[in-house]
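The following report describes a sheet, a nonpolar core and several backbone features. The sequence and model are shown first.

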Amino acid sequence: MQNLKALSYKLRQNVVDMIMAGKAGHIGGDMSVMETMVALYFHAMNISPENQDDPNRDMFVMSKGHCVETLYAVLAEKGFFPIEQVIREYSQFGSKFIGHPNNKLPGIEMNSGSLGHGLPVAVGMALAQKMDKRPSRTYVVMGDGELAEGSVWEGAMSATQYKLDNLCAVIDRNRLQISGTTEEVMHQDSVEERFAAFGWNVLSVDGNDIDAMNAAFDAAKDVKGKPTLIVANTTKGKGSSVMENKASWHHHVPSAEEYEQIMKDLKAHEEAAQSVRPEGGLSLQAQQSKTQAKPLTERSEREGARI
Ligand SMILES: Cc1ncc(C[n+]2csc(CCOP(=O)(O)OP(=O)(O)O)c2C)c(N)n1
Ligand SMILES: [Mg+2]
């Protein structure tokens with residue numbers, strides 16, 4: 001039985017180690033989106049190193065590509081590559097583990113980082129799944145600041161036009177973007193009402209509650225005839241008061257003292273979660289994650305996304 005709450009705090013520590021070693025990283029949004037990513041990869045999605053080229057696999061797009069460190073941590077835990085290799089190579093000259101997702105790496109379907117592109121591409125993926133009559137689903141994670149990009153709304157319109165009930169989008173609603181609050185930079189309340197007006201099924205949950213996220217992804221699978229948006233209400237920098245809710249931690253490398261305090265806080269959260277018995281058993285995907293990852297070499301690297 002795997003405790004996904006404890007896992008979320010363990011993986012946050014891997015992200016912080018990555019950012020310390022690589023001397024770069026979007027730490028605030030990495031921390032807020034962690035439960036979304038753990039729920040996707042260890043509960044909701046049918047994806048693993050074994051089926052990554054199966055046309056019936058679920059598709060994932062990290063549209064807020066600046067938070068690639070959390071994606072790396074989750075993919076490493078699933079067995080796509082060893083976490084030691086990521087921490088050693090992340091953001092180093094010549095490395096494949098760069099600061100935004102690229103599809104030369106196993107497990108990554110789409111290059112991202114230029115905000116606003118993920119939803120339109122995910123619409124295309126979901127439409128292709130429908131046209132090919134596949135049982136699979138497409139998931140996309142966006143930031144709330146990202147909603148200022150007009151292409152998001154073109155994607156939102158197309159998704160309902162084509163009745164893409166196999167598409168599930170998440171907004172990491174941490175209420176901060178690069179330079180301040182989303183309401184100051186480009187107001188958007190209510191995200192829920194806006195997407196509902198575009199014809200989406202909308203769920204609004206505590207996005208740092210792993211059980212709530214798992215339940216939301218389950219509920220989305222039962223919806224017919226329209227896509228689902230999960231508004232994941234989160235805290236930017238979640239896990240340590242050193243970084244929580246501070247716009248200046250959007251991109252920030254902790255000092256030695258900050259690092260010590262953050263790791264102490266994250267470990268305390270992990271230990272507290274470990275003392276609670278998780279509900280339910282270990283999912284199939286979680287069991288698959290136990291397989292030993294082989295280091296990524298030139299030969300094992302993917303040649304590009306195969307959709
Ligand atoms: C098209 C585009 N414009 C600007 C940027 C620079 N940028 C990187 S992160 C960011 C803020 C994103 O905020 P949000 O979507 O809320 O992300 P989060 O809070 O989850 O980190 C911006 C403006 C970008 N990556 N792409
Ligand atoms: Mg944000």
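Met59 has Thr138 of S2 as its bridge partner. The model is a predicted one, in which local features need pLDDT of at least 70, side-chain atom pairs count only at pLDDT 80 or more, and totals for chains, interfaces and linings use all residues. Residues are numbered from 1 along each chain as its sequence is written, while chains are lettered from A and ligands numbered from 1 in the order in which they are written.

**The sheet**

S1 and S2 run parallel and are joined by 4 bridges. Strands here are DSSP runs (E, at least two residues), helices are DSSP runs of H or I with at least four residues, and both are numbered from the N terminus. Two strands count as paired if DSSP finds at least two bridges between them. In general, strands of a sheet pair through backbone hydrogen bonds, either parallel or antiparallel.

An open sheet is formed by 5 strands in the order S1-S2-S3-S5-S4, with parallel pairing. Strand S1 (59-62) and strand S4 (201-206) are the edge strands, each pairing on one side only. From one strand to the next, the twist averages 20°. H6 packs on this sheet and touches S1, S2 and S3; its direction makes about 170° with that of S2. Such angles run from 0 to 180 degrees between N-to-C directions, with axes fitted as lines to C-alpha atoms, for helices over the stretch in contact.

**The nonpolar core**

The largest nonpolar core has 80 residues, of which Val38, Tyr72, Ala122 and Ile230 touch the most other members. Helix H1 (residues 4-22) gives the most to this core, with 9 residues. A core of this kind is a set of buried Ala, Val, Leu, Ile, Met, Phe, Trp, Tyr and Cys residues joined through C-beta atoms within 7 Å. Buried means 20 or more other C-beta atoms within 10 Å of the residue's own, exposed 12 or fewer, and partly exposed in between, with C-beta atoms placed from the backbone. Leaving aside residues up to four places away in sequence, Ala122 touches Val61, Thr138, Val140 and Leu167; contact requires C-beta atoms, placed from the backbone, within 7 Å.

**Backbone features in loops**

Two lysines have a positive phi although neither is a glycine.

| Residue | Phi | Loop between | Other C-beta atoms within 10 Å |
|---|---|---|---|
| Lys133 | about 55° | helix H6 (118-131) and strand S2 (138-143) | 6, exposed |
| Lys163 | about 50° | helix H7 (150-161) and strand S3 (167-173) | 15, partly exposed |

Asp189 and Ser190 are joined by a cis peptide bond, with omega about 5°. Ser190 is found in the loop between helix H8 (182-186) and helix H9 (191-197).

Key. Two residues are in contact if their C-beta atoms, placed from the backbone, lie within 7 Å.
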